Amino acid sequence: MGRRTAGAVCALLLPAALALAGCGSDDSPSAAPAPTSTAAPTTTPPARTTPEAALPGAPAETPLASAPTVDPYAGQPLIDHVVWTGNIDGPRLLVHPTIAGRKTTYPGSDERAWQEVLAQSPEAGSPGMRDQFICHWDWARIVAPDKPSWNLEPWRPDVGYLAVVEARCNPGGPER
């Protein structure tokens, strides 16, 4: 299977897998088998508008048809606060999004939110942390919209965005 084809398959299957497995959580409810359908397959969502757009299968923040043309949260913070803690594996940055940060679908809001994280904690700019953040931005907001914080760990390996997504935002081992 070619690289582009594998990426397309990943883009189609990954959202369903994350929805069933839960992003960063080991306790997911059992899911009933999905009903079968004879409808035509859906198309792959448009590519991201950030630097990851060059990656095959990188998810879009939102389909272009539903992307707002005016930022409804312009001027509002997307990140409430960040807190460094420690756990058995090493340091962890707890990123607490605002209501606006949980709800916005405006193109480029992911990068604006990441810049807010860096403004509050420049140490967050270590290798791999941005990919973990974007994974949470793209997927955890859907899978676990009420999760109090998104946990980013600088000790996790820098493996690239797609591998981070495949690891449910936690490359190098599960979240503990």
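1. A residue counts as buried when its relative accessible area is under 20%. Arg156 has a relative accessible area of 2%, so this arginine is buried. Please keep in mind that we are looking at a predicted model. Arg156 sits in the loop between strand 3 (150–152) and helix 5, and it makes a good place to begin a walk through the structure.

2. What does the side chain of Arg156 pair with? The side chains of Arg156 and Glu153 are joined by a polar contact of 2.6 Å. A polar atom of the Arg156 side chain also lies 2.6 Å from the backbone oxygen of Gly173. Leaving out residues up to four places away in sequence, Arg156 touches Gln132, Asn170, Pro171, Gly172, Gly173, Pro174 and Glu175.

3. Now a step back to the whole chain. The protein chain has five helices and three strands, and along the sequence these follow the pattern α-β-β-α-α-α-β-α. The chain holds 176 residues, and buried residues make up 40% of them. Among contacts with a separation of 6 or more, 66% are between residues 24 or more positions apart.

4. A word on confidence before you look closely at any one region. The mean pLDDT of the protein chain is 76, and 63% of the residues reach 70 or more. Where is confidence lowest, and where is it highest? Helix 1 (residues 3–21) has the lowest mean, 43, while helix 3 (residues 109–120) has the highest, 98. Over residues 1–56 pLDDT stays under 50, and the model has 69 contacts beyond four places in sequence for this stretch. Where pLDDT is low, the predicted coordinates should not be read in detail.

5. Helix 3 has a packing partner worth a look. Helix 3 and helix 4 (residues 129–143) pack with their axes 10 Å apart, at an angle of about 130°. Are the two helices parallel or oblique to each other? Angles over 145 degrees count as roughly antiparallel and 65 to 115 as roughly perpendicular; an angle of about 130° fits neither range, so helix 3 and helix 4 are oblique to each other. Their crossing is right-handed.

6. Which residues form the meeting between these two helices? On the helix 3 side they are Ser109, Asp110, Glu111, Ala113, Trp114 and Val117. On the helix 4 side they are Met129, Arg130, Phe133, Ile134 and Trp137.

7. Leu93 is a residue of strand 2. With 0% relative accessibility, Leu93 counts as buried. Not counting residues up to four places away in sequence, Leu93 touches Val82, Val83, Trp84, Val117, Ala124, Met129, Trp150, Asn151 and Leu152. Two of these names have come up already: Val117 in helix 3 and Met129 in helix 4. Leu93 and Glu153 are 60 residues apart along the chain, yet their C-alpha atoms are separated by 6.2 Å. Glu153 is also the residue whose side chain makes the polar contact with Arg156.

8. Thr98 lies in the loop between strand 2 (90–97) and helix 2 (99–103). Is this threonine buried or exposed? Thr98 is buried, with a relative accessible area of 13%. A polar atom of the Thr98 side chain lies 2.8 Å from the backbone oxygen of Pro77. Pro77 is also one of the residues in contact with Thr98 once neighbours within four places in sequence are left aside, together with Leu78, Ile79 and Asp80.

9. Towards the end of the chain, Ala163 is found in helix 5 (residues 161–166). Ala163 counts as partly exposed, at 27% relative accessibility. Ala163 and Asp131 are 32 residues apart in sequence, and their C-alpha atoms are 9.4 Å apart in space.

10. Last, two residues with backbone angles to check. Most residues other than glycine have a negative phi. Arg168, which is not a glycine, has a positive phi of about 55°, and Cys169 has a positive phi near 75°. Arg168 lies in the segment after helix 5, and so does Cys169. How accessible is each? Arg168 is partly exposed, with a relative accessible area of 24%, whereas Cys169 is buried, at 0%.

How values were computed:
Residues are numbered from 1 along each chain as its sequence is written. This is a predicted model: local features need pLDDT of at least 70, side-chain atom pairs count only at pLDDT 80 or more; totals for chains, interfaces and linings use all residues. Side-chain values use heavy atoms; hydrogens and water are left out. Helices (H or I, at least four residues) and strands (E, at least two) are DSSP runs, numbered from the N terminus. Buried means under 20% relative accessible area, exposed over 50%, partly exposed in between (1.4 Å probe, protein chains only). A polar contact is a pair of N or O atoms within 3.5 Å; within protein, one must be able to donate a hydrogen and the other to accept it, and residues adjacent in sequence count only if both atoms are side-chain atoms. Contact means heavy atoms within 4.5 Å. pLDDT is the predictor's confidence in each residue, from 0 to 100. Axes are lines fitted to C-alpha atoms, for helices over the stretch in contact, and angles run from 0 to 180 degrees between N-to-C directions. Angles under 35 degrees count as roughly parallel, over 145 as roughly antiparallel, 65 to 115 as roughly perpendicular and the rest as oblique. A crossing is left-handed if the near helix is turned anticlockwise from the far one by less than a right angle, and right-handed if clockwise.
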